[in-house]
Amino acid sequence: MHLPIRLVAQTSAQPSILPLFEPRLSAAERYSNQNFYLAPCDVGLGVFARRLIRRAEIILRFEGPTISFAEAKARGPRECMTLQIGPDKYLDTLPPAVYVNHSCDPNTGIEDDRNLVALADIEPDEEIRFDYSTTMEEKSFTMRCCCGAPSCRKVVNDFSTLPRHLQQFYLERDVVMSFIRAQWPARTLHPRP
Ligand SMILES: [Zn+2]
């Protein structure tokens, strides 16, 4: 039996580890740009649109060293900053991407395993979030969710645990990690009549 590798009781990958990283104000200043800015939100820091971002625009790219499941687990409190990109492959996510919080009703998704892309037009000052379940298939980690969306699932869990209609929604938009997508038969995208 695997123990949960990341225990975070909020809708975020970063609140408990931020103080280890750098002061919040300097992070906000350092990683903001003409497209988005970092600012406090209900779960720590969040990423907000600085301008109108159009659907299909790429907002930022997830970058960082590649590590294994065991290495991610060995990160201790910082392991929640990792992004799963393979069955035993994680990205030790660097700022600013690490500040993108989870939503059960997100306005972005991750395309090509790295690029955060807008799923709809995003208004200035709207927080930018994606669904962490689109990157998770490890039978190890769950996270309580308090994202506030009417469709909030209350728990963030593996992609395979999502309702079928939601799996299909993300698969059709190409915002599911490719290692997870590879596990889904084509019939999921085109159900038989
Ligand atoms: Zn939620």
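## Exercises on strands, core and backbone

Glu-111 stands opposite Asn-115 in strand 9. The model used in these exercises is a predicted one.

**Exercise 1.** Describe how strand 8 and strand 9 are joined, and examine the turn between them.

*Solution.* Start with the pairing: strand 8 covers residues 108-111 and runs antiparallel to strand 9, with four bridges between the two. Next, take the connection, where three residues separate the strands of this hairpin. Finally, check the backbone of the turn: Asp-112 has a positive phi of about 55°.

**Exercise 2.** Give the strand order of the open sheet made of three strands, and determine which strands stand at its edges.

*Solution.* The order is 4-6-5, and the pairing is antiparallel. Strand 4 (66-67) and strand 5 (82-86) each have a single partner strand, so they stand at the edges and one side of each is left without a neighbour in the sheet. For the pairing of strand 4 with strand 6 (residues 89-92), two antiparallel bridges are found. Within strand 6, Tyr-90 is the residue opposite Ile-67.

**Exercise 3.** Analyse the largest nonpolar core, then list the contacts of Val-100.

*Solution.* The core has 34 residues. Those with the most contacts inside it are Val-47, Ile-59, Tyr-99, Val-100, Leu-116, Ile-128 and Val-176. Now assign contributions to strands: strand 1 (36-41), strand 2 (44-49), strand 3 (58-61) and strand 9 (115-118) each supply at least two residues. Strand 2 gives the largest share, three residues. For Val-100, leave out residues up to four places away in sequence; the contacts are then Val-47, Leu-116, Ile-128, Arg-129 and Phe-130.

**Exercise 4.** Locate the cis peptide bond and state its omega.

*Solution.* The bond joins Pro-95 and Pro-96, with omega about 5°. To place Pro-96, look in the loop between strand 6 and strand 7 (101-102).

**Exercise 5.** For Ala-56 and Lys-154, find the loop of each residue, its phi and whether it is buried or exposed.

*Solution.* Take Ala-56 to begin with. This residue lies in the loop between strand 2 and strand 3. Its phi is positive, about 80°, although Ala-56 is not a glycine. The cut-off for an exposed residue is 12 or fewer other C-beta atoms within 10 Å. Ala-56 has 12 such neighbours and therefore counts as exposed.

Turn to Lys-154, which is in the loop between strand 11 (143-144) and strand 12 (155-156). Phi of Lys-154 is near 75°, again a positive value in a residue other than glycine. With 10 other C-beta atoms within 10 Å, Lys-154 is exposed.

Terms used:
Residues numbered from 1 in each chain as written. Predicted model: local features only at pLDDT ≥ 70, side-chain atom pairs only at ≥ 80, totals over all residues. Pairing = 2+ DSSP bridges. Core = buried A, V, L, I, M, F, W, Y, C linked by C-beta atoms within 7 Å. Buried ≥ 20, exposed ≤ 12 C-beta atoms within 10 Å, placed from the backbone. Contact = placed C-beta atoms within 7 Å.
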